[in-house]
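Welcome! Take a look at the structure below, and then we will walk through it together.

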Protein chains: 2
Amino acid sequence: MQTAIECFPCFLRQTIIALKQLYGMDDTHGGIIRDILSIMQEADTSKPPAYTTTYIHRLIRDRLAQDPFRDIKHRYNAIALELYPALKEKIKESRDPLWTAARLAIAGNVIDFGIFTSIDIEGSMSRALKEHIAVDDYPSFKNAVADAKGLLYLFDNAGEIVFDRLLIEEFVSLGKKVTAVVKGAPVLNDVTFEDAAQAGITGLCEIIDNGSDAVGTILEWTSPEFRREFEAAELVISKGQGNFETLEGNGKKTYFLFQSKCDVVSKELGLSPGSMLLKKS
Amino acid sequence: MQTAIECFPCFLRQTIIALKQLYGMDDTHGGIIRDILSIMQEADTSKPPAYTTTYIHRLIRDRLAQDPFRDIKHRYNAIALELYPALKEKIKESRDPLWTAARLAIAGNVIDFGIFTSIDIEGSMSRALKEHIAVDDYPSFKNAVADAKGLLYLFDNAGEIVFDRLLIEEFVSLGKKVTAVVKGAPVLNDVTFEDAAQAGITGLCEIIDNGSDAVGTILEWTSPEFRREFEAAELVISKGQGNFETLEGNGKKTYFLFQSKCDVVSKELGLSPGSMLLKKS
């Protein structure tokens with residue numbers, strides 16, 4: 001997808017969310033804002049907004065000399081881990097554990113501090129477990145999983161990763177070889193090795209990083225090692241809107257599990273914001 | 001008030017609202033956006049956001065070579081005029097016509113295309129006519145009106161001006177000399193002479209313009225003639241958030257009638273967004 005005019009106010013909204021992780025309602029960041037505006041002036045609108053947001057979050061981390069999302073990532077991993085036993089039980093007891101785990105993985109995508117400032121996890125789970133979601137390619141997804149020996153699982157956010165763990169556990173119990181992918185460096189509240197460890201993924205499956213600090217998965221900025229894995233993958237499970245923005249139409253057999261959070265992506269999909277999707281590429 | 005960090009995404013949101021008045025969902029305005037970003041980089045955050053929004057709307061009108069709000073202003077004047085007879089009747093029948101007219105004038109302030117993209121006039125009226133609003137200096141307002149021979153009435157938006165007409169009619173029926181003030185040139189959906197004529201204000205009271213195309217009333221940018229009127233005024237009735245932003249604390253005896261529409265102004269006032277105010281300076 002391309003960068004829309006509506007992405008520009010959102011670039012600044014994301015900047016403010018990031019700055020406020022460390023400084024509350026402080027207004028002393030005029031200098032950073034001016035540099036963010038310079039980045040926005042250079043935005044290549046023929047590319048997905050993830051390019052510009054990547055530059056923006058790099059600048060913020062550089063100026064603050066720290067990752068503003070570190071604490072909130074840790075906190076949401078912990079919150080989600082408290083939910084884990086009940087969710088595991090719900091999956092076990094369900095008629096189709098893969099369906100329930102996939103839906104919960106979509107529910108977990110509500111945890112996103114790039115876009116939201118408050119999170120309703122319970123509400124998201126209850127919506128996800130209703131029969132109807134906006135795009136539901138589950139039958140095809142189930143067949144694709146059955147047919148594949150292995151799959152590449154692209155994480156999105158901290159907290160959400162605990163929901164991903166439940167789905168990966170279903171894949172593993174079905175005998176699939178799962179390779180899970182974290183970011184090569186912190187960006188937003190996206191998952192790194194540290195989060196994978198906290199969420200209890202270590203040991204469950206192979207974990208690699210993509211060698212990149214980009215929002216979503218900007219293939220040209222990932223490491224050659226990751227690109228080899230990506231090329232070789234039989235099936236890709238892609239979590240989150242950022243990965244959808246950057247990977248849609250790339251030709252790889254992919255299932256996108258996410259919530260359509262912003263007006264621009266929702267409009268491109270012909271859906272209302274907040275829609276849930278299990279979408280075949 | 002000063003410009004807050006949260007004003008920056010809003011500057012762009014306002015830009016998009018203005019551009020879309022003419023072009024719908026067109027995304028071909030990259031050039032304008034880049035120039036707006038330059039204006040934002042020069043923003044003097046020690047001043048109210050109205051300074052920056054004034055520069056922004058000047059640039060938009062200049063680039064489009066027309067006023068993007070002209071049609072929607074005309075339309076909302078017409079919509080409000082249809083409501084006029086019923087509102088006039090409601091005021092006549094009420095126990096305190098000045099109270100009812102003042103509250104309806106606050107209700108009319110919901111018509112603001114600088115901030116909103118859709119408008120709920122009926123809902124706004126029903127909220128305004130409830131006993132409680134967030135700030136209610138009506139007893140003091142009533143006394144101030146009773147004591148004054150004349151007053152200066154600063155308009156805000158088209159459409160809203162029909163609600164202002166009802167309040168001005170109350171002032172006139174109380175024997176007050178009213179001088180009403182329109183903008184010196186189009187800006188946003190603010191009232192000009194053309195709107196005053198459409199709304200039926202002509203002949204009801206003296207109408208002057210403030211010699212300025214600024215958002216709100218930036219005194220240093222108004223004409224010397226307007227400033228003389230302002231200095232000489234016994235009592236000022238100020239409509240809208242823009243006038244509040246730019247005139248609060250100026251020392252003049254003023255009653256601000258408006259809805260607090262954005263997070264920044266609401267926070268400064270200690271209120272939730274959407275609060276209604278009849279506030280003494």
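Strand β7 (residues 275-280) of chain B runs parallel to β1(B), and two bridges join the pair. Strands count as paired if DSSP finds at least two bridges between them; helices (H or I, at least four residues) and strands (E, at least two) are DSSP runs, numbered from the N terminus. This is a predicted model, in which local features need pLDDT of at least 70, side-chain atom pairs count only at pLDDT 80 or more, and totals for chains, interfaces and linings use all residues. Residues are numbered from 1 along each chain as its sequence is written, while chains are lettered from A and ligands numbered from 1 in the order in which they are written.

**The sheet**
- Val135(B) sits opposite Leu277(B) in β7(B).
- In chain B, an open sheet of seven strands follows the order β1-β7-β6-β5-β2-β3-β4, with mixed pairing.
- β1 (135-136) and β4 (206-209) of chain B are at the edges with a single partner strand each, so one side of each has no neighbour in the sheet.

**Where the chains meet**
- On chain B, 17 residues are in contact with 17 residues of chain A (C-beta atoms, placed from the backbone, within 7 Å).
- α2(B) gives the most to the side of chain B that touches chain A, with six residues.
- The copies meet through the same surface, because 100% of the interface residues of chain B are also interface residues in chain A.

**Symmetry**
- A turn of 180 degrees and a shift of 0.0 Å along the axis lay chain B on chain A with an RMSD of 0.0 Å (least squares on the C-alpha atoms of residues with pLDDT of at least 70 in both).
- That is the relation of a two-fold axis.

Definitions and conventions
Contact = placed C-beta atoms within 7 Å.
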